[in-house]
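Biologist: Before I rely on any label attached to a model, I would like to hear the reasoning behind it. Could we go through some of the terms one at a time?

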Amino acid sequence: MYNSPYLRQNTSVRRVMTTVLVAMLPAIAVQSWLFGAALLVQIALASVTALACEALMLALRGRPVAPALTDMSALVTAWLIAVCLPPLLPWWTTVLGTAFALIIGKHLYGGLGQNPFNPAMLAYALLIVSFPALMSQWPGLNVGDFATQMDWVFGGARALDGVTGATPLDALRTGLMTGGDAAAVMRSTAFGHIAGAGWEWVALAWGAGGLLLLALRIITWHVPVAFVAVMSLVSGIASLIDPAQFAGPAFHLLAGGAMMGAFFIATDPVSGATTPRGKLVFAAGIALIAWLIRAFGAYPDGIAFAVLLMNICVPLIDMKTQPPVFGHKNGGAP
Amino acid sequence: MLRKLFSFNGGVKPDPNKGASTREPIARLPLPPQLIIPLHQHIGGTPRPLVKVGDRVLHGQRIGAADGNVSSAVHAPTSGHVVAIEPRLMPHASGLSSMAVVIEPDGQDQRIEREPFDWHAASPGEVRDYLRDAGVVGLGGAVFPSHLKLAPGKAGGTDTLVLNGAECEPFITCDDMLMRSEAEDILRGALVMQKMLAAKQVLVGVEDNKPEAAAALKAAAAALAHASLDVVVVPTRYPAGGAKQLIRVLTGIEVPHGSRSTDYGVQCFNVATALAVWNALEHGEPLTRRIVTVAGNVDRPRNFDVAIGTPIGFVFEHAGLKPDTDKLIMGGPMMGIPLPGVDAPVVKATNCLLASSPALFPPPEPELPCIRCGECARACPADLQPFELYWHSRARNFGRAQEYHLFDCIECGCCAYVCPSHIPLVDYYRYAKSEIWARERDKDAADSARERFEFRNWRAEREKEEKAAKLAARSAAKPAAKPAATDKPPAEGDTAATPAEDPKKALIEAAMARAKAQKEAVAAKNTDTLTPAQQAQVEAAEARRKLAADMVATGDGETTRATATADKPTE
Ligand code: SF4
Ligand code: SF4
């Protein structure tokens, strides 16, 4: 005997997660089209690792394996990890990062819904701290054919320096450090139109997938809008003050993980803020910290650390931003 | 007139499923072989039975009298004989029984003489008493005695009377059908209530998925030509029919949990209640029947005009219950309660009887962990954070659950409806609420026990003090009294020095001595008159017992048994 409501909307965690996976497809397609199919192999690697770790941890924790394994949440984590790692990373690095995310980041905190930190960002942070050199080796447009790429991923052929180009964020950082001028650095050919050859398209594809999530009501507008607004605001002000030192909003929004962060990372329901106002604060905080790291920090792309730092603040943000309950606003007056 | 509507946050749009039961007009259900009329059908005190087993009752006769003012009478829906007054199964999820008058109809449907009641001339107080004795209660499901809500609020009277025709639960259509067929009398009833409340305006809210009902009401309103009466079509969204949600939509006022809408100048009644008021006042008809939607897994879904007390099984028979029905629900699929059985009767609160089948309402999928997606918060019409309530209820952290406004939850089920993790959220809130209530009760009980205890202590203390004071007063008085009492024998003076002590002691000692003597006498009886043979037996037994005890002490059981058997032949 169960109680009301007897009617349920046709929805499930699997449906939500599958929609997120589908929304990631445009960006994955664009990125592997422009930078080579190694990304797809990395996604496969991460997926298998994630599912294996999920099954293992569920079994160890004495939880039913099948329902959790088919809820697709592990795959979402795996794909997010794969897309933010350089696609020519040696296979074991991806496996290590994914296993860390699932085992430490997810299950040691109690599994689905319990993790205070975004598991994909934990993996990214672990790898960039442990293997900074490997993690900065991003390929340029269409570097090597598929076989060569596979050799790099699986064979341990590590003559990467010749083939990997710096990411736009890296290039800007090095350019500025060697006394260059931001505008001049960005005019170099490797930079494409705005934020690096090819990278703008990937960013736009993330944006398109994000709009799909918005349209399907998987995410709300609060996080992406606050993120984009704050990122534009701070980078805009900075570049107005000192254009030689700071890149403008267009660059910051289209370079690196900004768009993915705005629509797919900061919107992670489990580790993010939940109240409407809380989401605004949370996303604004991420944008601000990410910009600070990019402009002044030691790491090229600040999204991962910004997300992890804001994850810490979530309980406080949620507590302080509870919306007024029905009948408890303005003393009930209209 | 174009009226500005307000909206409430949240809400959901489940498939209304209202087509099936509105195809045919309301049908009058025949009388069952037995009517089970619970005495307690409303919020408030349980009515006292006015009949005895064996009595013949008439249609409309009062069989239960309101117990005080917060109560409402019950009546016989037909003529017949009272065959039992006993606890019967109630249409309640708990499966509890409650006192009911069981009537066997005699088929004559003989009415009692209708006492004319000139409500136009009567004072509002008299009208209210009349409605109480006519058993008129809210028919929207909450069954609050209507007369209690028909007094103008203290501060400047009522501004708005809201008539609730926004039947928002899927499947339920009883109000819809009633509005279509009785629109004019419903509005007449509303105007009476408006007069009683001294309300400035009457707003009738109808959801826009009931165009026929809205049209009928509008036509009736035009015919009545009452300037302060307005039929307002509101958007269809569950739970727009919740009183506080409808008040919000129509007036913009948010009535918080725990306060009454009258405090904000608004009073809300269900449309069927307005009709019941009209029928009671104008036709002298007490509330003995109501419209019940029978829907779901039945062959002929329809609205029936049912005598209150009709067993639910009898109603379902007429609608053709399908064989794969797995449970019966009273109310709608969002807030309905599971019925304990088909023997429970239709009561004043029964707006819908819903048959469920696994195909119609599949059992919930297994519960997954909450992913904090916030869907529930977006759907909650009370603007709560349901997942926080869930989390704290589950952790039995009831204090925190209350901080997150657990008691503002109206149990509408929107959150559970949208949850992708299929968490039965409302069940957690019901559990938390009942735990909190139980604790309050325990605390109250403990408090009153403590108070009783403290009072007893205080009284004992006081008596002791009083005694001491008396004693002190007496001993203080003695020196003054002594000279006057010198002529008395000194012995008496001595006893007075240790007041009541010595005689008591002597008495007790005497009593004890008597008891001792008695006991000795009794104890002696047993062995006094023993014959020598008996004496020998006793001694043998005594010796055996001693031997056995020794054996046990040395652990030699074998010998004990041997001795025991050896003894036998001598007996
Ligand atoms: S809808 Fe369900 S899964 Fe989502 S936050 Fe609410 S309780 Fe959690
Ligand atoms: S059942 Fe309670 S918590 Fe859930 S949506 Fe309704 S009012 Fe909100």
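What follows is a conversation about how certain labels are justified in this predicted model.

Biologist: What makes B:Glu375 and A:Arg217 a salt bridge?

Modeller: The closest N and O atoms of B:Glu375 and A:Arg217 are 3.8 Å apart, and the rule asks for a side-chain nitrogen of Lys or Arg within 4 Å of a carboxyl oxygen of Asp or Glu, so the pair qualifies. Across the interface of chain A and chain B the rule finds two salt bridges, while the structure holds 31 over all chains.

Biologist: Where does A:Arg217 sit, and what is said of its phi?

Modeller: A:Arg217 is placed in the loop between helix 11 (199-215) and helix 12 (222-241) of chain A. Its phi is near 60 degrees, which is a positive value in a residue other than glycine.

Biologist: What else describes the interface of chain A and chain B, beginning with how many residues are in contact?

Modeller: On the chain A side 41 residues are in contact with 61 residues of chain B, where contact requires heavy atoms within 4.5 Å. The two chains bury about 4200 Å² between them, with 58% of that area on carbon and sulfur atoms. The rule also finds twelve residue pairs in polar contact across this interface, both residues being at pLDDT 80 or more. Helix 1 (13-35) and helix 16 (303-320) of chain A each supply at least two residues of the side that touches chain B. By class, that side of chain A has 20 nonpolar, 16 polar and five charged residues.

Biologist: Why are B:Asp129 and B:Arg132 separated by about one helical turn?

Modeller: They are separated by about one helical turn because they are three residues apart in helix 1 (residues 124-133) of chain B. Their closest N and O atoms are 3.7 Å apart, and the pair forms a salt bridge; the cut-off is 4 Å.

Biologist: How do you know that helix 4 and helix 6 of chain A pack, and at what angle?

Modeller: Helix 4 (residues 73-84) and helix 6 (residues 119-130) of chain A pack at about 35 degrees with their axes 8 Å apart, and their crossing is right-handed. Residues of helix 4 of chain A, including A:Leu80 and A:Ile81, meet residues of helix 6 of chain A, among them A:Met121 and A:Tyr124. By class, this contact has eight nonpolar, one polar and no charged residues.

Biologist: Which peptide bond involving A:Pro5 is cis, and which one involving B:Pro239?

Modeller: The bond joining A:Ser4 and A:Pro5 is cis, with omega about 0 degrees, and A:Pro5 lies in the segment before helix 1 of chain A. The bond from B:Tyr238 to B:Pro239 is also cis, with omega near 0 degrees, and B:Pro239 is found in the loop between strand 11 (229-234) and helix 5 (243-251) of chain B.

Note on methods: Residues numbered from 1 in each chain as written. Chains lettered and ligands numbered in written order. Predicted model: local features only at pLDDT ≥ 70, side-chain atom pairs only at ≥ 80, totals over all residues. Heavy atoms only, no water. Axes fitted to C-alpha atoms, helices over the stretch in contact; angles between N-to-C directions. Helix = DSSP H or I, 4+ residues; strand = E, 2+ residues; numbered from the N terminus. Left-handed = near helix turned anticlockwise from the far one by under 90°. Nonpolar A, V, L, I, M, F, W, Y, C, P; charged D, E, K, R; others polar. Buried area = accessible area lost by both parts, 1.4 Å probe. Polar contact = N/O pair within 3.5 Å; in protein donor to acceptor, adjacent residues only side chain to side chain.
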